[in-house]
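User: Got a chain I'd like to talk through. Can you take me around its fold?

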Amino acid sequence: MENLLRVGVISSTHGVKGEVKVYSTTDDINRFKTLKKVILDTGREHMELEIQNVKFFKNMAILKFKGYDSIEDIEKYKGKDLLVTRDQAVKLGPDENFIADLIGLTVVTEDGEEFGTLTDVIKTGANDVYEVKTKSGKEVLLPAIKECVLSVDLETGIVKVHIMDGLLD
């Protein structure tokens, strides 16, 4: 399991005083209100940043980091991920999993036959959709609903699914 979980992506700067617009990759953008620190993944290193101020505009969080006081200090981090450690993550409810924990799991049918590997989770609004690469290399989209996804076992690394009529057409 991943120890670092992505909570957002810096999309652009905001103003000239070092603030950034952050696209939230979590279910609840308000979780930024309670965060004190995040980890910036620069691509070469991880830097811990202290959050000085949080505000919201439309669907974005606007963050100000301590020690970054100008647009020049922060603009080089556009497009970079903001991460938290697993112990800072929100508590999950029953039947909820972090996307990072699902990627790479083996997908099997209800008959126990290996179907493929879960390669992505797509957020659609209504329900998530699991992207599965089959053993033959085909990409299949499965709705993450109880009628289709029967169980997820992180310990064994297996997602058991029922292939509903019409999904493979």
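Analyst: Let's go from the whole chain to its sheets, then to single residues.

User: What kind of model is it?

Analyst: This is a predicted model.

User: How many helices and strands in the chain?

Analyst: Two helices and twelve strands. In sequence order the pattern reads β-β-β-β-β-α-β-α-β-β-β-β-β-β.

User: What does the C-alpha trace span along its principal axes?

Analyst: About 60 × 30 × 30 Å.

User: And what share of the residues is buried?

Analyst: Buried residues are 36% of the 169 in the chain. The exposed area is about 10200 Å². Carbon and sulfur atoms supply 47% of that area.

User: How many positive and negative charges, and how far apart are their mean positions?

Analyst: There are 23 positive and 30 negative charges. Their mean positions lie 9 Å apart.

User: What about contacts across the sequence?

Analyst: Take the contacts with a separation of 6 or more. Of these, 47% join residues 24 or more positions apart.

User: On to the sheets. Which strands make the closed barrel?

Analyst: Six strands, in the order β1-β2-β5-β4-β3-β6. The pairing is antiparallel. From one strand to the next, the twist averages 50°.

User: Walk me round it. How many bridges join β1 to β2?

Analyst: Six, with β1 (residues 4-14) and β2 (residues 19-24) running antiparallel. Ser-12 stands opposite Lys-21 of β2.

User: And β3 with β4?

Analyst: Five bridges, again in the antiparallel sense. β3 covers residues 37-41 and β4 covers residues 46-57. Ile-39 has Glu-48 of β4 as its bridge partner.

User: Which residue in that hairpin has a positive phi?

Analyst: Gly-43, with phi near 100°. The β3 and β4 hairpin has four residues between the strands.

User: What does β5 do?

Analyst: β5 (residues 60-65) runs antiparallel to β4, joined by six bridges. Phe-57 bridges to Met-60 in β5. Two residues sit between the strands of this hairpin, and Lys-58 takes a positive phi near 55°.

User: What comes after β5?

Analyst: A loop leads from β5 to α1 (71-74), and Gly-67 is found there.

User: Is Gly-67 buried or exposed, and why?

Analyst: Gly-67 counts as exposed because its relative accessibility is 54%, and the cut-off for exposed is over 50%. Leaving out residues up to four places away in sequence, Gly-67 touches Gln-52 and Asp-73.

User: How far is Gly-67 from Leu-168?

Analyst: They are 53 Å apart, C-alpha to C-alpha. In sequence the separation is 101 residues.

User: Now the open sheet. What's the strand order?

Analyst: β10-β9-β8-β7-β12-β11, six strands with mixed pairing. The edge strands are β10 (139-143) and β11 (149-153), each paired on one side only. The twist averages 35° from one strand to the next.

User: Remind me what "mixed" draws on?

Analyst: Strands of a sheet pair through backbone hydrogen bonds, either parallel or antiparallel. Here β7 shows both: antiparallel with β8, parallel with β12.

User: Details on β7 and β8?

Analyst: Three bridges join β7 (residues 106-109) and β8 (residues 114-123). Thr-106 stands opposite Thr-117 of β8. Val-107 stands opposite Gly-116, also of β8. The two strands form a hairpin with four residues between them. Gly-112 in the turn has a positive phi of about 90°.

User: And the β12 side?

Analyst: Four bridges join β7 to β12 (residues 158-161). Thr-109 stands opposite Val-161 in β12.

User: Last one: Ile-103. Where is it?

Analyst: Ile-103 is in the loop between α2 (99-102) and β7.

User: How accessible is Ile-103?

Analyst: Ile-103 has 38% relative accessibility, so it counts as partly exposed. Buried would need under 20%, and exposed over 50%.

User: What is Ile-103 in contact with?

Analyst: Setting aside neighbours within four places in sequence, Ile-103 contacts Leu-118, Thr-119, Asp-120 and Val-121. Those four fall within the residue range of β8, 114-123.

User: And how far is Ile-103 from Ile-74?

Analyst: Their C-alpha atoms are separated by 31 Å. Along the chain they are 29 residues apart.

How values were computed. Residues are numbered from 1 along each chain as its sequence is written. This is a predicted model: local features need pLDDT of at least 70, side-chain atom pairs count only at pLDDT 80 or more; totals for chains, interfaces and linings use all residues. Side-chain values use heavy atoms; hydrogens and water are left out. Two strands pair if DSSP finds at least two bridges between them. Axes are lines fitted to C-alpha atoms, for helices over the stretch in contact, and angles run from 0 to 180 degrees between N-to-C directions. Buried means under 20% relative accessible area, exposed over 50%, partly exposed in between (1.4 Å probe, protein chains only). Contact means heavy atoms within 4.5 Å. Accessible areas come from the Shrake-Rupley method with a 1.4 Å probe; for residues, only the protein chains shown count as cover. Lys and Arg count as positive and Asp and Glu as negative; His and the chain ends are not counted. The place of a charge is taken as NZ of Lys, CZ of Arg, CG of Asp or CD of Glu.
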